[in-house]
Amino acid sequence: MLGKILFVLYIAFLLYFLIFSDWYGRAGEFEEYRYNLVLFQEIERFWTYREQLGWVSYANLFGNVLIFVPFGFFMPMASRYRSFFLTLFYSFGLSFLVESFQFVTKVGSFDVDDLLLNTLGGVAGYILFVICNTVRRWHDADQARKRAGSRKRKR
């Protein structure tokens, strides 16, 4: 239940942050539709000009990954289907919806590099979930063995 609540809160935050926030002064920036359909074009540009762009370059590159890590973590926690491919699919799908909304409303641009980075963030979150879930199961199994051992000694 907690996973479902956290997942819903995260989705609300994500949509607000990606669509409605003006965290680096982009509101009203575009009067026309802008898009990038060339994979790695914007990633290369941000990396090449990182010295001139400063923190905006890193915020764009790593922020697009980091903002989707919780999605990949909470989605399998909130669902009974804990599949890598479903997480990959839903991460891409949500990112596609956000990018399309930004494009249509001119709040931002449609960028295939953002689709890639967001999807990688979702996959990284899923991997983190699998690691945490495995550690939790080991811990639970260890605790169960300890409880079983203490019951045998009491007899």
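Is Tyr-126 buried or exposed? Tyr-126 turns out to be buried, with a relative accessible area of 11%; here buried means under 20% relative accessible area, exposed over 50%, and partly exposed anything in between (1.4 Å probe, protein chains only). The model is a predicted one, so local features need pLDDT of at least 70 and side-chain atom pairs count only at pLDDT 80 or more, while totals for chains, interfaces and linings use all residues. Residues are numbered from 1 along each chain as its sequence is written, and side-chain values use heavy atoms, with hydrogens and water left out.

Now for the overall layout. The protein has seven helices and two strands, which are DSSP runs numbered from the N terminus (helices: H or I, at least four residues; strands: E, at least two). Along the sequence they come in the pattern α-β-α-α-α-α-α-β-α. There are 155 residues, and 34% of them count as buried. Contacts (heavy atoms within 4.5 Å) reach well along the chain: of those in the protein with a separation of 6 or more, 73% are between residues 24 or more positions apart. About 10,400 Å² of the protein is exposed, with carbon and sulfur atoms supplying 66% of that area; accessible areas come from the Shrake-Rupley method with a 1.4 Å probe, and for residues only the protein chains shown count as cover.

On to the inside. A nonpolar core is a set of buried Ala, Val, Leu, Ile, Met, Phe, Trp, Tyr and Cys residues joined through side-chain atoms within 4.5 Å. The largest one here has 15 residues, and Phe-7, Tyr-10, Ile-11, Leu-14, Phe-68, Phe-71 and Leu-94 have the most contacts inside it. H1, H5 and H6 are the elements that give two or more residues to this core. Phe-71 shows how the pieces meet: leaving out residues up to four places away in sequence, Phe-71 touches Phe-7, Tyr-10, Ile-11, Pro-76, Tyr-90, Ser-91 and Leu-94. Helix H5 (residues 69–78) is largely enclosed by the rest of the structure, because eight of its ten residues are buried. Among them are Phe-71, Gly-72, Phe-73 and Phe-74. Ser-95, in helix H6 (residues 84–105), is buried too, at a relative accessible area of 0%. Beyond residues up to four places away in sequence, Ser-95 touches Phe-68, Asp-114, Leu-115 and Asn-118.

Aromatic rings come next. Rings of Phe, Tyr and Trp (its six-membered ring) pair if their centres lie within 6.5 Å; planes under 30 degrees apart are stacked, over 60 edge-to-face, and the rest tilted. The structure holds 15 such pairs. Phe-84 and Phe-85 are edge-to-face, since their ring centres are 5.2 Å apart and their planes sit at 85 degrees. Phe-84 also pairs edge-to-face with Tyr-126, at 5.8 Å centre to centre and 70 degrees between the planes. That second pair links distant parts of the chain, with Phe-84 in helix H6 and Tyr-126 in helix H7 (residues 112–154), 42 residues apart. Phe-84 is partly exposed at 32% relative accessibility, whereas Phe-85 is exposed at 61%. Phe-84, Phe-85 and Tyr-126 belong to one aromatic cluster, which also includes Tyr-10, Phe-73, Phe-74 and Phe-129.

Charged side chains meet as well. A salt bridge is a side-chain nitrogen of Lys or Arg within 4 Å of a carboxyl oxygen of Asp or Glu, and the whole structure has four. Arg-45 bridges to Glu-42, with the closest N and O atoms 2.5 Å apart. The two are separated by about one helical turn, because they are three residues apart in helix H2 (residues 41–48). Glu-42 counts as buried at 15% relative accessibility, while Arg-45 is partly exposed at 36%. In helix H7, Arg-136 and Asp-140 lie four residues apart and meet in a salt bridge of 3.1 Å, N to O. Asp-142, Arg-145 and Lys-146 are linked in a network of salt bridges.

Lastly, the chain's loops and surface. Arg-34 sits in the loop between H1 and strand S1 (35–36). The C-alpha atoms of Arg-34 and Ser-109 are separated by 4.9 Å, although the two residues are 75 apart along the chain.
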